[in-house]
Amino acid sequence: MDERTVRSQTVKTNVASAICFVTFVGFGLVAAASGRFSAGFDRRRLINFFLFVALFISFTSGLWQHDMWPFSSWKMMTGLTPPATRALPTLDIMGVDASGNEYDIDYRAWKPLSPEELDSWLRHNFYELDPAARDRAASYLLQRSDAAREQALSSAGLAFTNQWLGPLTAPTHLLHPAIWSHAENVPRTPFVGLRIYEESWDLEARRFPAAMITRVLAYEYPRR
């Protein structure tokens with residue numbers, strides 16, 4: 001697909017998104033203001049029609065597989081889960097200290113990105129970068145993870161995504177644990193490198209303690 005075709009499709013998507021958004025807001029305002037000018041029955045009918053419009057646009061975005069802000073197809077979670085993760089291995093980012101020891105990294109180190117958003121970017125963009133750009137991205141992730149480690153060791157601790165609610169912040173939808181909430185769980189030695197592993201297992205076998213997990217080193221920074 002050439003650049004002109006991509007640009008044309010982008011313009012069409014943006015125009016369609018703008019029309020849908022204006023329609024959504026317009027019917028929402030009409031439904032909200034209808035109580036002042038219409039009888040109760042008419043207002044209910046307008047509200048029902050507004051809900052129908054919202055659902056129709058949302059389903060259209062999902063079926064079309066294009067984001068139509070504020071309606072999203074949420075491509076990150078599109079598709080069927082294979083019976084074994086060998087077809088779609090799970091990515092695991094580990095911090096590495098000067099002695100070569102590996103440590104899990106608290107998901108809050110990547111905020112405002114969620115782990116799923118970072119995972120999606122790594123899968124679809126990271127490995128397509130040239131080696132120099134890939135190393136710059138890895139260096140940035142390394143700096144973020146070590147800065148989060150230092151903050152977790154400080155008296156303030158590693159902040160939650162919502163600074164007002166703190167530990168009461170709603171968890172991510174996959175329930176990632178805040179592993180650095182207690183100082184004893186935080187690595188004491190600085191991170192000097194990152195390793196990205198691809199972990200695979202059979203979903204049925206994973207129910208049992210003795211399930212085998214295949215772990216492949218997909219990327220290491222700094223490169224050796």
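Analyst: Buried means under 20% relative accessible area, exposed means over 50%, and partly exposed lies in between (1.4 Å probe, protein chains only). The model is predicted: local features need pLDDT of at least 70, side-chain atom pairs count only at pLDDT 80 or more, and totals for chains, interfaces and linings use all residues. Residues are numbered from 1 along each chain as its sequence is written, and side-chain values use heavy atoms, with hydrogens and water left out.

User: Why is strand β3 described as largely enclosed by the rest of the structure?

Analyst: Strand β3 spans residues 193–200, and seven of its eight residues are buried, so the rest of the structure largely encloses it. Strand β1 is also mostly covered, with six of its seven residues buried. For the protein as a whole, buried residues make up 33% of the 224 residues.

User: How do you know which elements the protein has, and in what order do they run?

Analyst: Helices (H or I, at least four residues) and strands (E, at least two) are DSSP runs, numbered from the N terminus. By that rule the protein has four helices and four strands, and from the N terminus on they run α-α-β-β-α-α-β-β.

User: What makes β1 and β3 a pair, and how do they run?

Analyst: Two strands pair if DSSP finds at least two bridges between them. Seven bridges join β1 (residues 90–96) to β3, and the two run antiparallel; with seven bridges against a minimum of two, they count as paired. Within this pair, Ile-93 stands opposite Ile-196, and Val-96 stands opposite Gly-193. On another side of the pairing scheme, seven bridges join β3 to β4 (residues 214–221), again antiparallel, with Tyr-219 as the partner of Ile-196 in β4.

User: How do you know that β1 and β2 pair, and what lies between them?

Analyst: Three bridges join β1 to β2 (residues 102–104), which meets the minimum of two. The strands run antiparallel, and Gly-95 has Tyr-103 as its bridge partner in β2. Five residues separate β1 and β2 in a hairpin, and Gly-100 in the turn has a positive phi of about 90°.

User: What makes a set of residues a nonpolar core, and which residues touch the most other members of the largest one?

Analyst: A nonpolar core is a set of buried Ala, Val, Leu, Ile, Met, Phe, Trp, Tyr and Cys residues joined through side-chain atoms within 4.5 Å. The largest has 22 residues, and Ile-93, Ile-105, Trp-110, Leu-122, Trp-180 and Ile-196 touch the most other members. At least two residues of this core come from each of β1, α3 (115–124), α4 (131–153), β3 and β4, and α4 gives the largest share, six residues. Contact means heavy atoms within 4.5 Å; by that measure, and leaving aside neighbours within four places in sequence, Ile-105 is in contact with residues including Ile-93, Trp-110, Trp-180 and Leu-194.

User: Why is the pair of Arg-195 and Glu-102 called a salt bridge?

Analyst: A salt bridge is a side-chain nitrogen of Lys or Arg within 4 Å of a carboxyl oxygen of Asp or Glu. The N to O distance for Arg-195 and Glu-102 is 2.7 Å, which is within 4 Å, so the term applies. Arg-195 lies in β3 and Glu-102 in β2, so the pair ties together parts that are 93 residues apart in sequence. Arg-195, at 11% relative accessibility, counts as buried because the value is under 20%. Glu-102, at 27%, counts as partly exposed.

User: How do you know that Asp-92 and Arg-215 meet in a salt bridge?

Analyst: Their N to O distance is 3.5 Å, which is within the 4 Å cut-off. The pair links distant parts of the chain, with Asp-92 in β1 and Arg-215 in β4, 123 residues apart. Another pair is Arg-123 with Asp-119, whose closest N and O atoms are 2.6 Å apart; both lie in α3, four residues apart, about one turn of the helix. Salt bridges that share partners join Asp-92, Glu-102, Arg-195, Glu-199, Arg-215 and Glu-220 into one network.

User: What makes the nonpolar surface patch, and why can Phe-49 belong to it?

Analyst: Patches are made of residues with over 30% relative accessible area and no salt bridge; like charges are joined within 9 Å, and nonpolar side chains (Val, Leu, Ile, Met, Phe, Trp, Tyr) within 5 Å. Phe-49 has a relative accessible area of 38%, which is over 30%, so the area condition is met. Together with Phe-27, Phe-52 and Phe-56, Phe-49 makes a patch of about 410 Å². Helix α2 (residues 40–64) gives the most to the patch, with three residues.

Notes:
Areas by Shrake-Rupley, 256 points an atom, 1.4 Å probe, with all protein chains shown as cover.
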